[in-house]
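Work through these exercises with the model open beside you. Try each task before reading its solution.

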Amino acid sequence: MKAPVVAPFLCKALYPRRNPFFFTLASSSIYSLSKHLHYNPLATCVDTPRAEPSQICRDQSDDHVYKYVTYCRPSFSDHVSGLPFSKNHMKTIHTDSVVEDLHHENENKEDPWLKMQEDSRLDADREPVLSSYYYTSILSQKTLERALANHLAIKLSNSSLPSSTLFDIFIGALEENQDIIGAVKEDLRAVKERDPACISYVHGFLNFKGFLACQAHRIAHKLWAQGRNVLALLIQNRVSDAFAVDIHPGARIGQGILLDHATGLVVGETAVIGNNVSILHNVTLGGTGKACGDRHPKIGDGVLIGAGTCILGNIRIGEGAKIGACSVVLKDVPPRTTAVGNPAKLVGGTQNPIKLDKIPSFTMDHTSHIAEWSDYVV
């Protein structure tokens, strides 16, 4: 018996506006499946196997859009293809394999705010003496915005600048700029995932001054962009006094930032820091003198900067590069290379530098390749 001719019609009804490529595959599969489905037209449509997602993705994806994403999966070597699925494919393919491959997308990430509330209750049960502190800081706050505004206001207030005034400034900026909260969550994930000393989201939120200094800067930067320079500089000064972190409000900082320990960090006005960057303490991103204009470093995505490093001038640190501790960098550093020393030199030499196959800001590996390069390292 021939397969019912109504089956393709029902498939088109169930899947309007589908890619013609899908119908070619689906129609060719209907006849072979109909023998095993008792000629049920609806079952034929539902159970028709679809094209392999990897095949469609290879045909339709735009490689340049995912250049950084491919490289920035810490578990992938740069010699192995890690091309993710295009967001456009989500509209045309709905298979289990696609859902699994989107595991790292934002919608599947744990919400730090919900986890913070849970951890706060557990911490308060373990240490009843801190119950009031956790209630005021986390449990009584309705949103992450209010919790952050309240905590920063308390940390940065003084006798002449009450916390209530700072709270009004901070909550206004946070609620008007939801992009800040998205960056805050990515920073919390960065602290929790990359710093082994961070035992929980709430621990990082309440106690890590590098995280708090970064969030205060995000607010100050918004005020600076709005022309409220005096207020932005006031916040910079209070952060410098309270956290020993001096970031000019004009500096631009991405998300997923880890400022580990952060004491002594200095970032100049025209500096730019990309996404997923990890910076240790006593790092200076400064100028070379009294030059005006664009005079500070540009740090690419995924860079790791070791403690005590000075990066001076309007130079570029390429994506995925690593700067060894106590280095003085005065020239551009190519992507995925390691620079160390005073003045800094590329590991492997300028002509053939050793290429990193992992994102150093994710692995937080400060010593790979350096021991092989330097006789001093024991």
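**Exercise 1. Find the residue that stands opposite I247, then place the pair in its sheet.**

Solution. Start at I247: V267 in β4 stands opposite. Next, look at the strands, which are DSSP runs of E with at least two residues, numbered from the N terminus. Strand β4 covers residues 265-267 and runs parallel to β1, with three bridges joining them. Two strands pair if DSSP finds at least two bridges between them. Now widen the view: the open sheet has five strands in the order β1-β4-β7-β10-β13, with parallel pairing. Its edge strands are β1 (245-247) and β13 (328-329), each pairing on one side only.

Before going on, note the ground rules. This is a predicted model, where local features need pLDDT of at least 70 and side-chain atom pairs count only at pLDDT 80 or more, while totals for chains, interfaces and linings use all residues. Residues are numbered from 1 along each chain as its sequence is written, and side-chain values use heavy atoms, with hydrogens and water left out.

**Exercise 2. Decide whether Q236 is buried or exposed, and list what it touches.**

Solution. Locate Q236 in helix α14 (residues 229-243). Helices are DSSP runs of H or I with at least four residues. Then check accessibility: buried means under 20% relative accessible area, exposed over 50%, and partly exposed in between (1.4 Å probe, protein chains only). Q236 has 15% relative accessibility, so it is buried. Last, list contacts, meaning heavy atoms within 4.5 Å. Not counting residues up to four places away in sequence, Q236 touches D246, I247, H248 and P249.

**Exercise 3. Explain why α13 is largely enclosed by the rest of the structure.**

Solution. Take the helix itself: α13 (residues 209-225) has 17 residues and reaches 24 Å from first C-alpha to last. That is close to the 24 Å expected at 1.5 Å a residue, where the expected span is 1.5 Å times one less than the number of residues. Twelve of the 17 residues are buried, so α13 is largely enclosed. Among them are F211, L212 and I219. Just after the helix, G227 takes a positive phi of about 85 degrees.

**Exercise 4. Which residues have the most contacts inside the largest nonpolar core?**

Solution. A nonpolar core is a set of buried Ala, Val, Leu, Ile, Met, Phe, Trp, Tyr and Cys residues joined through side-chain atoms within 4.5 Å. The largest has 75 residues, and F170, F205 and I317 have the most contacts inside it. Helix α13 gives the most to this core, with eight residues.
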